[in-house]
Amino acid sequence: MNHIIQLFSISLLTIALSACGGGSNKPKSSSAARSSVAPSSTAASSSVASLSVALKTLTTMPIGVAVNAADEAYNISDSTAQQRVVTHHFNQLTAGNIMKMSYLHPSENSFTYTDADALITFASDNGMSVHGHALIWHSDYQVPTWMKDYPGDKTAWLAMLETHVKTIATHYSGKVASWDVVNEAIEDGGGYRNSIFYQKTQADYIEQAFINANASDSTADLYYNDYNIEADTAKMATLETMLDGFDTRDVPIDGVGFQMHIYMDYPSITTIKASFQKIVNRNLKVKISELDIPINNPYSSAYQGGDIKTTLTTELSRAQKKRYCEVVTAYLEAVPANLRGGVTIWGVADPSSWLISFLFDNKHDDWPLIFDANYSEKPAVQGVADALNNQPCTNQ
Ligand code: XIL
């Protein structure tokens, strides 16, 4: 794919994230949220397809999944069918939304932990760890309004963010395995993102967040998390410069999360491996933090020429199986065991994927995840298993 088109695609994604308008996955206010994550009396889907060998048993690294909770659509508390596959295959959860800034810190002097605490209890009751996501993220819909309006100079902003990070990291100390401390602070094409945090503090908020998170929770692994760093070498170059500065100044960071919202045809496995290698070379952990692989690529010339896949054929689902296998294999080959933060898939059932609204604007279906609408395993589950079992990646 043309690199410029790809940058354009990510810009659109960013605009979509900033606007966060509409869509079935749009997060709602947590005020009306249920306060527990318990199996509901809703009967599981009539399909009780058998499950293959649990992915989590095939490796020692975390195998994670993002789940919805509280008052979100597709929340895990409403579906025993979803709980069944999640607890079978995964040993780590990421909250898709409910641990973001606006959910945990809705007004300056109040922190609301009820929904996230319930999710953490659900995880620990089922032998799963939690990856915290995210202490600082610019995306407009989830920076609390009071914070956007926060008065004061750079010193006041850094103090306000210190309270934010330290209060939340202290609350979850010992309860989360890791944090995305700062999410998406680097711009496509390189340079720091001109977010509200950057406007108020320049890049200082980034390293201060790591210092403050570490001061409040010295055991959790602390990650910088971003998208397209597996493909955009200029964006990666800014990240490398930032990491080198952290190293010089002894800023505590454990790893880099590669979101990996990628495509079937982009980027190449060679490119992905080379990007992982840059982080491994710094002796930092690499986590695939938000993996999804849609069948359609709206920025490809095929799609733009009208070749839109509206049915998941056997052939396509097997091609996706191969792609999932190749990505996880690339990760295992590039990242030594001691630096593997694990692999997390961004959602459970295909129709719940954020890409349906954010990437495809609800214009047609897609199937980016590894379970179908009934929580049955797609061939992609076998693709991940093949990689973890060190087997060849095939579309058979
Ligand atoms: C997405 C969620 O999946 C959606 O439900 C929400 O409406 C918007 O955010 N990068 C991230 C995630 O770090 O937090 C985003 O999650 C997807 C892109």
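Which atom of the ligand is 3.2 Å from an N or O atom in the side chain of glutamine 259? A nitrogen atom, as it turns out. Keep in mind that this is a predicted model.

## The ligand and its surroundings

Taken alone, the ligand exposes 410 Å², and the protein buries 97% of that. The ligand has 16 residues around it. Lys100, His133, Asn183, Glu290 and Trp346 are the closest of these.

On the oxygen side of things, there are a couple of pairs to look at. Histidine 133, one of those closest residues, has an N or O atom in its side chain sitting 2.7 Å from an oxygen atom of the ligand. Tyrosine 141 also brings a polar side-chain atom to an oxygen atom of the ligand, here at 3.4 Å.

## The chain as a whole

Zooming out, the protein chain has 396 residues, and 56% of them count as buried. Its secondary structure adds up to 14 helices and 8 strands. The accessible surface is about 15,100 Å², with 49% of it belonging to carbon and sulfur atoms.

Contacts between residues far along the sequence are well represented: take the contacts in the chain with a separation of 6 or more, and 81% of them come from residues 24 or more positions apart.

## Helix α6

Helix α6 covers residues 154-171, so to speak 18 residues end to end. From first C-alpha to last it reaches 26 Å, close to the 26 Å you'd expect at 1.5 Å a residue. Its buried residues are Trp157, Met160, Leu161, His164, Val165, Ile168 and Ala169. These cover an arc of only 150° around the axis, so they end up on the same side of α6.

What sits over that buried set? The cover includes two strands, β3 (129-137) and β4 (178-183). Helices contribute too, among them α3 (101-104), α5 (145-148), α7 (196-201) and α8 (204-216).

## Glycine 341

Glycine 341 belongs to strand β8, which runs over residues 340-345. Is this glycine buried or exposed? Glycine 341 counts as buried because its relative accessibility is 8%, and the cut-off for buried is under 20%.

Glycine 341 also gives a nice example of sequence distance versus space. Methionine 61 is 280 residues away from glycine 341 in sequence, yet their C-alpha atoms are 6.6 Å apart. Setting aside neighbours within four places in sequence, the contacts of glycine 341 are Pro62, Tyr223, Val286, Lys287 and Tyr331.

Technical notes: Residues numbered from 1 in each chain as written. Predicted model: local features only at pLDDT ≥ 70, side-chain atom pairs only at ≥ 80, totals over all residues. Heavy atoms only, no water. Helix = DSSP H or I, 4+ residues; strand = E, 2+ residues; numbered from the N terminus. Expected span 1.5 Å × (residues − 1). Buried < 20%, exposed > 50% of the residue type's maximum accessible area, 1.4 Å probe, protein only. Arc of directions from axis to C-beta. Contact = heavy atoms within 4.5 Å. Near = heavy atom within 4 Å. Polar contact = N/O pair within 3.5 Å; in protein donor to acceptor, adjacent residues only side chain to side chain. Areas by Shrake-Rupley, 256 points an atom, 1.4 Å probe, with all protein chains shown as cover.
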